[in-house]
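Here are a few short exercises to work through with the model open beside you. Try each task before you read its solution.

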Amino acid sequence: DVGGHCEALNRLLVEEYSITDQRFHVYDGRRLPLDDASMDFVLSQQVLEHVPDDAIEAYYREEGRVLRAARRRLS
């Protein structure tokens, strides 16, 4: 999420599903807090209107950086 509040969502995962690793993140639209090629998919829903205009290219670049399949194609 760009500027949202994810603490409650992560707490729900712990309480309801015993998932203790953080699955929801808040970030600035420029650098995802995830490792390279660490995700199978990225879901972006109603996000771009919250990303600053000067960060749109970085936003898409970061999605490609964290996707496993995209990394294989780019290598």
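**Exercise 1. Work out which pattern the chain follows along the sequence.**

Solution. Keep in mind that this is a predicted model. Start by tallying the secondary structure: 3 helices and 0 strands. Now read along the sequence, and you get α-α-α. For the contacts, take those with a separation of 6 or more: residues 24 or more positions apart account for 61% of them.

**Exercise 2. Find the residues of the largest nonpolar core.**

Solution. First, get a feel for burial: 27% of the chain's 75 residues are buried. As for the surface, the chain exposes about 5,800 Å², with carbon and sulfur atoms supplying 50% of that. Next, look for nonpolar side chains, since these tend to be buried together in soluble globular proteins. The largest nonpolar core here has 7 residues, namely Y27, L32, V47, V51, A55, Y59 and V66. Finally, pick out V66 and skip its neighbours within four places in sequence: its contacts include L32, L34, M39 and V42, and D35 and D36 are also among them.

**Exercise 3. Decide whether E63 is buried or exposed, and list what E63 touches.**

Solution. Locate E63 first: it sits in helix α2, residues 56–66. Its relative accessibility is 15%, and the cut-off for buried is under 20%, so E63 counts as buried. Then set aside the neighbours within four places in sequence, and E63 is in contact with L32, V42 and S44.

**Exercise 4. Classify the aromatic pair formed by Y59 and Y60.**

Solution. You need two quantities, because a pair of aromatic rings is described by the distance of the centres and the angle of the planes. The count comes to 1 aromatic pair. For Y59 and Y60, the centres are 5.4 Å apart and the planes are at 75°. Planes over 60 degrees apart count as edge-to-face, so that is what this pair is. Now check the accessibility of each partner: Y59 is buried at 3%, whereas Y60 is partly exposed at 45%.

**Exercise 5. Look at S18 and Q46: what is the phi of each, and where does each lie?**

Solution. Take S18 first: its phi is near 60°, a positive value in a residue other than glycine. S18 has its place in the loop between α1 (7–17) and α2. Q46 also has a positive phi, near 55°, and isn't a glycine either. Q46 lies in the loop between α1 and α2. To finish, check accessibility: S18 is exposed at 61%, and Q46 is exposed at 61%.

Key: Residues numbered from 1 in each chain as written. Predicted model: local features only at pLDDT ≥ 70, side-chain atom pairs only at ≥ 80, totals over all residues. Heavy atoms only, no water. Core = buried A, V, L, I, M, F, W, Y, C linked by side-chain atoms within 4.5 Å. Buried < 20%, exposed > 50% of the residue type's maximum accessible area, 1.4 Å probe, protein only. Contact = heavy atoms within 4.5 Å. Helix = DSSP H or I, 4+ residues; strand = E, 2+ residues; numbered from the N terminus. Phe/Tyr/Trp six-rings, centres within 6.5 Å; stacked < 30°, edge-to-face > 60°. Areas by Shrake-Rupley, 256 points an atom, 1.4 Å probe, with all protein chains shown as cover.
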